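I am opening a notebook page on a structure that is new to me. I want to look up its sheets, the helices that lie on them, and a few single residues.

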Amino acid sequence: MDQARSTISKIFNGEPHSYTRFNLTQNMEGDNSQVEMKLSSDMDEEAGENGVGAHLSHNTNRKPYVAQKLGRTPKNLCFMAATTLLIFIIGYLIGYLVHRKKEVAPSCAASVLPFAEAAAHETGAAPLMDWDVVKKLLAQKLSASNFETAFSEFSSVNHRAGSPGDEDLGKKVHKRFKEYGMNTWTDEHFIKVQDPPASGFNKLVFSNGQEERLDGFLSYSANGTVTGAILYAYYGQESDFRLLRDRNINLNGRVMLVRAGKISFAEKVANAAKMNASAVLIYADLADYSIGDTTQLFGHVHMGSGDPYTPGFPSFKHTQFPPVQSSGLPKILAQTITTRMANGILMTLGGQSVPQEWGGVTKLGDENDVITVEVNNVLAEKKINNVFGVIKGFVDADRYVVIGAQRDAWGPGFATSTVGTSVLVELARSISDMVKNDGFKPRRSIVFASWSAGEYGSVGATEWLEGYLSSLSMKAFSYINLDRVVTGRNGFKVAASPLMYSVIENALAEVKSPSSDVSLRSQYGKGNWESNVMEPLKLENAAYPFLAFTGIPSVSFGFTSGSSEYPYFGTLLDTREKLNSATSGQVPQLAEIAARFAGHMALRLVHDHLLRMDLSMYDKMIRTRVAQINKKIKEVQRLQPHLLPKTLTVQWLISASGSYSRASRNLAADIQNSDLEDIEMCRIINDRIMTVEKNFLSHYVSPRETPFRHILLGSGPHTLQGLLNHLEALRNDNPEAEADLFRNQFALATWTIQGCANSLAGDIWSLDNEI
C-alpha cells in the first residue's frame, strides 16, 4: 500500500513542468498542499549575487548612505519640477495600462479568448486555447478507422477478472499509455470472489423430476441446499412482493422465480430476503430478451460494490483486518436458470392466477409445487491490476478528472468492456497528442483508469476508492464512466450527479449526432432534454460508488436501443457480431461520437478557469424532497398522532434547505465580485464547489454497514428517500417502523444539509445566522 501511495505521489508531485512559468510543489496525500510560485525573470536568475538579492544582503563593509543637501537654486527647482512632471506622466501611463489590462485579460468565469490573445495577457495561468480550437483538435484526432484497430487489439474471448486474458489486456493498456508519453502506474489488489464449482455443478430438481445441471451462476450467493414451494414473483421488485403479500399468499420459505430486468440481480435477491424467502431463481423471459432458451446468465448478488470481504477498506495484500463481511451479502441462495427451464416450471404451476398487469404466465404456484435448489459456488482469491495513465495539468496538477472503463468480462464482453477500453485508450492518445503537438495546456490533470473485476460489482474501481479515499475526496473533482457506451443506436441516455448537468447540456449541444449534422441534443433530447435524456444513476453502474460512496460528481452515458435493453450483458453471447446487429454495423462510428462526448466533458472541466458545476440543481432537488417530507409528516400526525406528536416540526429542515440555497447564491455572488484573474482565488472557489458532493455524504452512518452514504442519491434509511419510506411505514402503522428512530434519522439528515451549506459558505468567519 505504501508503494502504491508513493507511486501516486510521484506521479502528481514530480519535477515541475518545464513549460510552466512557476513551480508547483504539491502533496497529493496531505491536506497542506503548497504552491511555490517563482515569478522572477530569466534576467533576475542570471544576475545571481549581482542582482536584487545582493543589494538586500547584509554587508558590514558598506558605508552608510548620506544624502546631500540640495540648494534651492533656479536650476535645481527646474530640475525638480521636470522630475515631478515626468513621474506624474509615468504614473498615469501605468494606471491606464493596468486598467486596460483588466478589461482584456481572460477571466476565470469564462474561457473565450483566442490562444494568442490569451497568451499575450497571461496572468500566471497556463495560456488559454480558444475552446472552439480545442473541440476541433479533439474531433480531428478521433476517427472510426482508429477504433477498428483498437477493437482488434482489445478483443479477447476469455478475460474474466484475474485470468491470464485479463492480465494480458492490462499490459496492452499500460503499454499504450507509456507510448503516449503519459506517467503510468498500476494498482494491485487481492480480492475474494465466488466462482462456479471447480468440479460438480449447481443444480435444481422440480417436483421429483429430472435433475438440471446449471452452468450459469451468481457470485456471492449463499451456498447450500434448499427445498421449498416455488412462487412466481414477476421482476422481484418491492411492489411485486407487496402485491403478493396483499393477496395473503404465504411468502415464508418460498423459492422465488423472477424475471431478469428492471432492477439488478442483487436488488431482486435482497427484496426476496426481506420476505423471508429461502432462494431466488432468475431467468431471461423471451418477452424481454431474445437470446435463445438455453443461454446461461452470469452476474453477482452483492448489494453493494467492491470486495464484500473487505467492506469499507482496500484489499491490499497482507492487510491485517479481522474476517468481516459486507452487510450486502445475501443469506439466501441465488441462481440463474435458462429460459427453457423456467418455461418448463411455469407451465406446471398451480395456485392463484397472476395479476392482470403482469400478463403472460397464468398461475403463481402453490404449496405443492416443490423445488430443490443446490448452490456450491467456490470462494477464491484473485490478484487483479488496475492500470492508470495521467496527463498532468499545467496549473492545478493535483486536481484531476478520472476517466475509467472496466477491462474484464464473463466471456467475449465486446459491448461490456472492449468498446469502453477502446474509447479509453483512444481518448488518452488523442488528448496526449493535443498536449505534445498542438500546444493544448490543460489547467488540471486527467487520469485514465482501466479497471478489473467490474463484473463482480465494480470491485477494482471500488477497492481503489477505498485505498485512497482521503486523497481522492480532496483532489478528484469528477468521474466519467465509459462502460457500455454503445449498446444500440436509437437512443442516448445519461445518468449523472446533478452538479454535472450544465457540463452534460453543453456537450449535448456541441457534439454532433452520428446519423446527421445535428447535435446530440437535437437528435435525442428534443423538447425537454432532461426528461428525454437523463435517467437515475443505478446501483450496478460503475459510476455509482464514485458518487454515493466517495462524493465525486460522476457521469455515465451511452447509445441505447431505445426502450429495450441490450440483451447480451451477462452472457457469453456479447460479441462483435451481436453488437453489430444491434447498431446496424455502426459500432466504430458510435464509439467515435461517444469518445467525443466524454472528451468534450473532460476537456471542458480541465480547460476552464472555474469548474462548470451547477449548484442550483441540488437546490431544486432538496426543496422537492423537503416538500414531500413535510406533506408526509402532516399525514402521519393526522392519521397516527400517537406516533408523531405535533411538537415534531419540519422547520429546521426547511431552514437547512434555505441555508443551502443562500450559500449557493452567495458563492455565485463571490464569483462575480472576486478578482478571477487570480490563480489562487480560482483555486479557492473551485475547492468550495468540490466540497458540495462529498458533504452530502452522511457522517453518521458506517461506511462498512451503509457504504452509499449520499443522503440524496445514496441507499439506506439515512437518505431523504429513506425518511419518506419510513414515514410511509409509520403512516400504515407498520410494526417495523419506529418513531424514535425516524426522529433521530430526521435530525441527522437535517444537519447533513446544514453542514453542506456551512461548508459551501466558505471560511468559518464567513458564516452568520442566516447561513
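Which strands does helix H20 lie across, and at about what angle does H20 run to E16? I found that H20 (residues 587-607) lies across E12, E13, strand E14 (476-481), E15 and strand E16 (554-560), and that H20 runs at about 160 degrees to E16. For the labels, I note that helices (H or I, at least four residues) and strands (E, at least two) are DSSP runs, numbered from the N terminus. For the angles, axes are lines fitted to C-alpha atoms, for helices over the stretch in contact, and angles run from 0 to 180 degrees between N-to-C directions.

Before going on, I note that this is a predicted model, in which local features need pLDDT of at least 70 and side-chain atom pairs count only at pLDDT 80 or more, while totals for chains, interfaces and linings use all residues. Residues are numbered from 1 along each chain as its sequence is written, and side-chain values use heavy atoms, with hydrogens and water left out.

Entry: the whole chain. I counted 25 helices and 16 strands in the chain. Of its 771 residues, 54% are buried, where buried means under 20% relative accessible area, exposed over 50%, and partly exposed in between (1.4 Å probe, protein chains only). Among contacts (heavy atoms within 4.5 Å) with a separation of 6 or more, 78% join residues 24 or more positions apart.

Entry: the sheet under H20. I read the strand order of this open sheet of 7 strands as E1-E11-E13-E12-E14-E16-E15, with mixed pairing, two strands being paired if DSSP finds at least two bridges between them. Strand E1 (183-195) and strand E15 (491-496) stand at the edges with a single partner strand each, so one side of each has no neighbour in the sheet. On average, neighbouring strands here are turned by 20 degrees against each other, direction ignored. I then followed E1 to strand E11 (residues 378-391), with which E1 pairs in the antiparallel sense over 13 bridges, and saw that Asp 195 stands opposite Val 378 in E11. Helix H12 (residues 414-437) also lies across part of this sheet, over E11, strand E12 (396-406) and strand E13 (444-451), and runs at about 150 degrees to E12.

Entry: another sheet. I looked up a further open sheet of 7 strands, in the order E3-E2-E10-E5-E6-E7-E9, again with mixed pairing. Its edge strands are strand E3 (211-214) and strand E9 (333-336), each pairing on one side only. Within it, strand E2 (residues 202-206) and strand E10 (residues 370-375) pair in the antiparallel sense over 4 bridges, and Phe 206 stands opposite Ile 371 in E10. Helix H10 (residues 265-274) lies across strand E6 (255-259), strand E7 (279-283) and E9, and runs at about 145 degrees to E7.

Entry: two loop residues. Is Thr 487, in the loop between E14 and E15, buried or exposed? At 7% relative accessibility Thr 487 counts as buried, and its contacts beyond four places in sequence include Phe 559, Tyr 566 and Leu 579. Gly 312, in the loop between strand E8 (298-300) and E9, counts as partly exposed at 31% relative accessibility. Leaving aside neighbours within four places in sequence, I found Gly 312 in contact with Glu 466 and Pro 703. From C-alpha to C-alpha, Gly 312 and Glu 463 are 8.7 Å apart in space, although 151 residues apart in sequence.
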